[in-house]
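User: Please take a close look at one helix in this model and at what packs around it. Take in the neighbouring strands and say how far the model can be trusted.

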Amino acid sequence: MTECYIRVAEDENEEPMEIPSEEDGTVLLSTVAAQFPGACGLRYRSPVSQCMRGVRLVEGILHAPESDWGNLVYVVNYPKDNKRKMDEMDAASAVKIKRGVQKTSDLIVLGLPWKTTEQDLKDYFGTFGEVIMVQVKRDTKTGNSKGFGFVRFTEYETQVKAMSQRHMIDGRWCDCKLPNSKAGPDEPMRSRKVFVGRCTEDMTTDELRQFFMQYGEVTDVFIPKPFRAFAFVTFADDQVAQSLCGEDLIIKGTSVHISNAEPKHNNFFFPSTFFMHLFSNFPGRSPSLAAMFERSQYQFPSSHV
């Protein structure tokens, strides 16, 4: 039998590729795998029953159904574990594409000595990488420094490096970070944490750490006990955390949802049972007092449950 080509696709709805057959009309699995890495077989939809049928595979050789490949489109089969890994890789790639090229931001430099000038600031941070802007904030009336300023780098990697350490400028330790909101000095740390929902009980902190390290440095992983089907992951870089928010990722074959873990301001994380236990240890205390705390602001933010 002369060589012919069969039409093979990764999915029924995708454009097929023509794969060459052997002289006897069979197709080698290795030929299919050369174009579709990881392939373990072929299937096709029966024109009669409209059900999917498997192609006979014997010792690495695929045999045409009814001795004729016809004009059907054959779909590639993958091992389940391999397919799951491919799905995880696709999800990771989607997030990386979403992140794209990271843009630099103006960084605030806190604790500057009064004598530090723009040129001093540029000379110092120029040792990290190219600087495109420096500014020392000054009083509009006196012209004296206010003790802080701003710097902006050309490369995002340089920005991350500058934020990862403290800086000795003109004999004084200074901090360089993204500007805070008025909510508090620890705001940037909270923005580096993400909430991982729909977790399964077989997921461990080490497994979560290993999974999320593909996106950036992980500084902490926390799974509440008793198990409540969610976890918290903290990154060294807040932009990595923000880039993941809103994503659905595949971990151990389970789809988890990533969202912002930033709690509401001025809330304390004590469950109401804490206060019930507290007041039960003081005889004579009115139960209404515990009930008052039960209804107070001491509760879990809705974003954490």
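Analyst: Start with helix α6, residues 205-212, where L208, F211 and F212 are buried. These three cover an arc of only 85° around the axis, which puts them on the same side of α6. The spacing fits a general rule: an α-helix has 3.6 residues a turn, so residues three or four places apart point the same way. The other side of α6 holds D206 and Q210, and both are exposed. So α6 has a buried side, with L208, F211 and F212, and an exposed one, with D206 and Q210. All of this is read from a predicted model.

What covers the buried residues? The cover includes five strands and a helix among its elements: β14 (193-197), β15 (218-222), β16 (230-235), β17 (248-251) and β18 (254-260), with α7 (238-244) as the helix.

Some of these covering strands pair with each other. β14 and β18 run antiparallel and share four bridges. Within that pairing, F195 has S259 of β18 as its bridge partner. β18 also pairs with β17, again antiparallel and over four bridges. Here I251 stands opposite T254 of β18. β17 and β18 form a hairpin, with two residues between them. One residue of the turn, K252, has a positive phi of about 55°. β18 thus pairs with β14 and with β17, and β14, β17 and β18 each help to cover the buried residues of α6.

A second buried site is worth a look. H167 sits in strand β12, residues 167-169. Its relative accessibility is 0%, so H167 counts as buried. A polar atom of the H167 side chain lies 3.2 Å from the backbone oxygen of Q165. Leaving out residues up to four places away in sequence, H167 touches Y124, F125, F128, A162, R172, W173, C174 and C176.

Now the confidence. The protein chain averages a pLDDT of 78, and 73% of the residues score at least 70. Two stretches call for caution. Over residues 181-190 the pLDDT stays under 50, and the model gives this stretch 13 contacts beyond four places in sequence. Residues 264-305 also have a pLDDT below 50, with 40 contacts in the model beyond near neighbours in sequence.

Note on methods: Residues are numbered from 1 along each chain as its sequence is written. This is a predicted model: local features need pLDDT of at least 70, side-chain atom pairs count only at pLDDT 80 or more; totals for chains, interfaces and linings use all residues. Side-chain values use heavy atoms; hydrogens and water are left out. Buried means under 20% relative accessible area, exposed over 50%, partly exposed in between (1.4 Å probe, protein chains only). The arc is that of the directions from the helix axis to the C-beta atoms. Contact means heavy atoms within 4.5 Å. A polar contact is a pair of N or O atoms within 3.5 Å; within protein, one must be able to donate a hydrogen and the other to accept it, and residues adjacent in sequence count only if both atoms are side-chain atoms. Two strands pair if DSSP finds at least two bridges between them. pLDDT is the predictor's confidence in each residue, from 0 to 100.
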